[in-house]
Structures are given as structure tokens and as C-alpha cells.
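Hi,

Here is the structure I promised to pass on. Have a look at it first, and then read my notes below with the picture open beside you.

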Amino acid sequence: MSFLSVTLRLLEGFGLTVEIFLITLVCALPLGLVIAFCSMSGFRPLRYLSKTFVWIIRSTPLMLQVILVFYGPGLLWGLDSMGRTEAVLAAFVINYAAYFSEIFRGGIESIPKGQYEAGQVLGMTKNQIFFKVILLQVVKRIVPPLGNEVITLVKDTSLARVIAVKELIMIANEYIATYGLIWPLFYSMVFYLIFCGLLTLLLNYTERKLGYFRV
Amino acid sequence: MLNSHAPILEVRDLKKDFDATEVIKGISFSLEQNEVLSIIGSSGSGKTTLLRCLNFLETPSEGQISVKGELLFDAADPATQREADIRKKRLHFGLVFQSFNLFPQYTALQNVTLASELLAKEQPDFRADKTRILAQIQENGLALLEQVGLSDKLDFYPHQLSGGQQQRVAIARALALNPDILCFDEPTSALDPEISGEVLQAIRRLAERNVTMVIVTHEMGFAREVSSRVIFMDGGVIAEEGPPEEIFGAPKSERLQSFLKAVL
């Protein structure tokens with residue numbers, strides 16, 4: 001087992017890790033915003049529904065959610081199960097949207113009422129107030145907690161292996177089972193370290209970019 | 001119906017309750033063009049709530065509000081309370097808040113021009129004449145900031161300005177949409193005494209330029225000097241009303257006498 005061949009093989013697994021990461025992020029961020037608005041809705045049934053959803057998702061292990069999404073439809077209703085990667089993506093998007101929604105809600109509710117009122121007396125519409133006044137202030141406030149979740153997501157992708165999705169850890173683990181080699185598993189840490197390092201730089205950059213104003 | 005002889009603002013039997021507590025218990029007054037009306041009174045007398053009702057930040061429980069003879073709000077008539085119309089009706093009034101409420105992510109100049117730009121973009125002919133309209137808004141913003149003495153702070157963000165400077169930007173912002181009546185809600189209460197002078201000076205200049213204003217204030221000396229008329233509110237009603245010389249020089253009611261004794 002040469003170092004190069006292990007590296008190339010691990011890179012394949014890492015590709016799937018990055019794919020799960022990116023798709024989850026792109027889908028869960030807007031979905032999280034929608035759930036946040038539901039959780040703040042003046043319409044009580046919608047608010048309760050949304051809060052119950054968040055409670056269930058945040059109170060059960062992501063690993064079980066992945067298993068449930070993959071096997072559940074077949075066991076419960078005899079449906080054909082979806083693809084493994086698709087099941088992982090579905091579970092991850094739902095799970096992360098729930099966490100993101102709470103971060104968004106906290107951010108939106110932390111903006112002083114005076115900001116909305118200042119917009120109102122200037123004749124702005126609700127949409128204009130949200131998008132032109134509130135949103136950027138919310139973004140600035142939630143970059144640190146959101147960054148935490150994003151970094152956690154990178155490592156949570158390793159849970160995909162419970163339904164045999166060949167992400168980084170699963171591939172590294174195969175070297176133990178097949179060749180009795182453990183170093184590729186430790187070596188896989190380097191991939192996470194570098195990826196999270198880059199994300200940290202990006203998050204720091206975003207914080208610096210938004211540093212021109214104070215909220 | 002527009003009536004040229006109608007007062008610029010007329011408030012009739014205005015009441016406002018929050019749940020069971022009645023904060024405003026029936027207030028009527030009118031305001032002529034170019035008048036400066038000060039509203040004084042102790043905390044909890046309903047001054048701020050009255051101002052917020054005028055700006056439609058609170059919905060009165062009873063009463064009517066008319067501007068230039070046009071009935072803007074009637075508590076008995078839901079047709080006058082449609083959200084989309086309220087938005088336009090607010091433009092008759094400007095409001096300067098106690099806590100400034102500038103938009104932190106915009107510069108002083110952007111704070112002043114933002115609402116005008118958004119309104120302009122809604123006009124059907126905006127696209128055709130975009131450059132000219134935006135240039136005009138920009139020019140107006142520069143002129144307003146010059147009026148309040150902030151020409152050298154155009155590109156400063158709110159956190160880079162002192163409280164007094166922020167409040168002057170807020171005044172320029174409130175003037176940008178050319179309101180009929182400019183309202184102030186305790187504009188200097190969040191400021192150190194040595195800084196409030198510059199804000200009062202800015203308001204004084206507006207009075208000299210005959211801007212119609214309603215000022216809720218705790219600065220009695222200022223109210224006496226700048227107002228054409230003063231309302232003293234107590235317990236949600238107008239307890240006394242008159243020219244400043246009378247209100248401060250010869251207060252009739254016992255409540256006003258003891259209030260003035262306490263604050264002066």
C-alpha cells in the first residue's frame with residue numbers, strides 16, 4: 001500500500017464528504033430561514049408545528065435520522081428505498097435546517113424594535129425593512145454560531161457510513177478490514193483538518209468583511 | 001376632500017389603551033402650518049404614545065386623525081386602516097426617535113437617502129430616468145446633511161459618530177421625504193447635557209425655516225424658547241394648553257404648577 005495510492009483512494013471518499021457538506025449547506029440554509037419564520041409566525045398552529053418539528057429533530061440522534069430516512073419508507077409503507085446518498089442528504093438537510101432555524105430566529109429576534117420602526121416611519125414595506133435593513137445585521141450577528149454548525153457539519157458527514165455511504169471514514173476504515181492497516185484512518189484526519197482550516201479562514205474573512213459596522 | 005383652510009393636523013378624541021390600561025384618554029388638538037408644538041408632562045402621561053399614534057406605530061382605539069383636511073385615520077372606519085395605505089399615510093409625518101435608530105450598516109448619507117431611493121424605485125418612470133432621479137436624491141441628501149452641520153461626516157458609519165451627530169443624521173433622514181409634520185420623541189434624552197445643545201440648535205434652525213413640528217421634550221427652557229404653543233399632558237389628557245409665556249409664566253392648573261416646580 002503506497003502512500004500515494006492510499007491518498008488517491010481517500011481523496012475519492014473525501015469528494016463524497018465535500019459533496020454531502022455542500023449540498024446540505026446550500027439546501028439547509030434557506031430551508032432554515034423558512035422554518036425560522038414559521039417559528040416566529042403569529043399564526044399559532046404553524047408556530048407550534050414548527051417548534052415541535054425542531055424539538056423532534058434536535059432531540060434525536062442524526063445517526064438514527066439517517067437510518068430512518070433510508071429504511072423507514074420501505075419498512076413502514078413497503079416503498080422502494082431511495083439511494084443511499086440521497087437518504088443521507090435528505091436527513092442532513094432536515095437536521096441542519098432545524099439547527100439553522102434556531103440560529104436565524106435568535107439573530108432576527110435580537111435586532112432592536114427601533115430598527116423596524118425607523119423603517120416603518122420612512123414608508124418602507126415589510127420586505128424592504130427585512131431585506132434592506134434587518135438581514136445584514138442578522139448575518140453579522142449569526143456568523144459565529146453559524147460557523148460552529150458549519151464546522152460540525154464537516155465532521156458529521158462521517159455518520160453517512162451507517163448506511164454504507166462511502167465517505168472518507170468509511171474508505172479509511174476499509175484498510176483496517178481488508179489489509180489490517182490502521183494508519184490510513186489516522187491519516188484521514190488530515191483531510192478534515194485542512195478542510196476545516198480553510199472554512200475557518202473563510203469565516204474569519206466574512207467576519208472581517210462585516211466589521212465595518214457595529215450592531 | 002382637501003380644504004385649504006383646514007389645519008395641517010387635526011386630532012379628535014384620540015384614545016389608546018393597552019389591554020386594560022388606558023394610556024390616552026381622549027385628546028383633541030389641532031396644529032396650523034408652521035407651528036411648533038411642544039408636548040410636556042411627566043413620564044407615563046401619554047406623550048410618547050400620542051406621538052406614536054400620529055406616526056401609526058400604534059393604532060388608536062378611538063378617535064380620528066386628519067392632515068390638511070384629509071381624514072387619514074378613523075378608529076370607527078376599518079377602511080382607513082389598511083396596511084398598504086397606512087404606509088403611504090405615514091409619509092405625512094416624520095419621526096425622530098429618542099434612541100436615534102440609525103441603520104448601522106449604512107453611512108450617514110446612505111441613511112438619509114435610503115428611503116427616498118426605495119420609494120423612487122417603485123415609481124413606474126424610474127427606469128427611464130434612473131440616473132437623474134438618483135442624482136437628485138443624492139443631492140438632496142447632501143443638502144440635508146449640510147443643514148444639520150454634518151457635511152464632513154457623509155461617509156461615516158453611525159458607530160463612528162457621537163450621539164449628537166447621530167441624532168442630527170436622524171433629523172436629516174426624517175426630513176428627506178419632506179414630511180408635512182416633523183415629530184420628535186424626546187430627541188435629547190439619550191444624550192449628555194453638553195451634547196444635547198447641538199441637537200437643540202439643529203431643531204431651532206428648522207423652526208426658523210418654518211418647519212411644522214411636534215416636539216415631545218423634557219427640556220423646558222428649549223420648549224419655552226422654540227414653541228409657538230405648548231401642551232401639558234397629565235394622566236392621558238391635555239391638562240393645560242397655551243402659548244409658552246402662559247404655560248411657563250402663568251400656569252393655571254395646580255398640576256402644571258407642581259410639575260414645573262419639580263422640573264425647573
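Let's start with a single residue: E186 of chain B has a relative accessibility of 11%, and since buried means under 20%, E186(B) counts as buried. Before going further, keep in mind that this is a predicted model. You'll find E186(B) in the loop between β7 and α6 of chain B. What caught my eye is its phi, which is positive at about 45° even though E186(B) is not a glycine. As a rule, most residues other than glycine have a negative phi.

Chain B has another one like that. N178(B) has a phi near 55°, again a positive value in a residue other than glycine. N178(B) sits in the loop between α5 (163-175) and β7 of chain B. Is N178(B) buried or exposed? With a relative accessible area of 65%, N178(B) is exposed.

Now for the sheet in chain B. It is open, has six strands in the order β6-β7-β8-β3-β9-β10, and its pairing is mixed. Which strands stand at the edges? They are β6 (93-96) and β10 (237-242) of chain B; each has a single partner strand, so one side of each is left without a neighbour in the sheet. On average, neighbouring strands in this sheet are turned by 20° against each other, direction ignored.

If you'd like one pair to trace by eye, try β3 (residues 36-40) and β9 (residues 229-234) of chain B: they run parallel and are joined by four bridges. For instance, S38(B) has V230(B) in β9(B) as its bridge partner.

Two helices of chain B are worth finding here as well. Helix α6 (residues 193-208) of chain B packs on the sheet and touches β3, β7 (181-185) and β8 (213-216) of chain B. The direction of α6 makes about 150° with that of β8(B). Helix α9 (residues 254-263) of chain B lies across β3, β9 and β10 of chain B, and runs at about 100° to β9(B).

Finally, hop over to chain A. The axes of helix α1 (residues 3-39) and helix α4 (residues 84-109) of chain A come within 5 Å and cross at roughly 45°, and α1(A) and α4(A) are therefore oblique to each other. Their crossing is right-handed. Which kinds of residue make up the contact of α1(A) with α4(A)? There are 22 nonpolar, five polar and two charged ones.

Have fun with it!

Terms used. Residues numbered from 1 in each chain as written. Chains lettered and ligands numbered in written order. Predicted model: local features only at pLDDT ≥ 70, side-chain atom pairs only at ≥ 80, totals over all residues. Heavy atoms only, no water. Pairing = 2+ DSSP bridges. Axes fitted to C-alpha atoms, helices over the stretch in contact; angles between N-to-C directions. Contact = heavy atoms within 4.5 Å. Buried < 20%, exposed > 50% of the residue type's maximum accessible area, 1.4 Å probe, protein only. Parallel < 35°, antiparallel > 145°, perpendicular 65-115°, else oblique. Left-handed = near helix turned anticlockwise from the far one by under 90°. Nonpolar A, V, L, I, M, F, W, Y, C, P; charged D, E, K, R; others polar.
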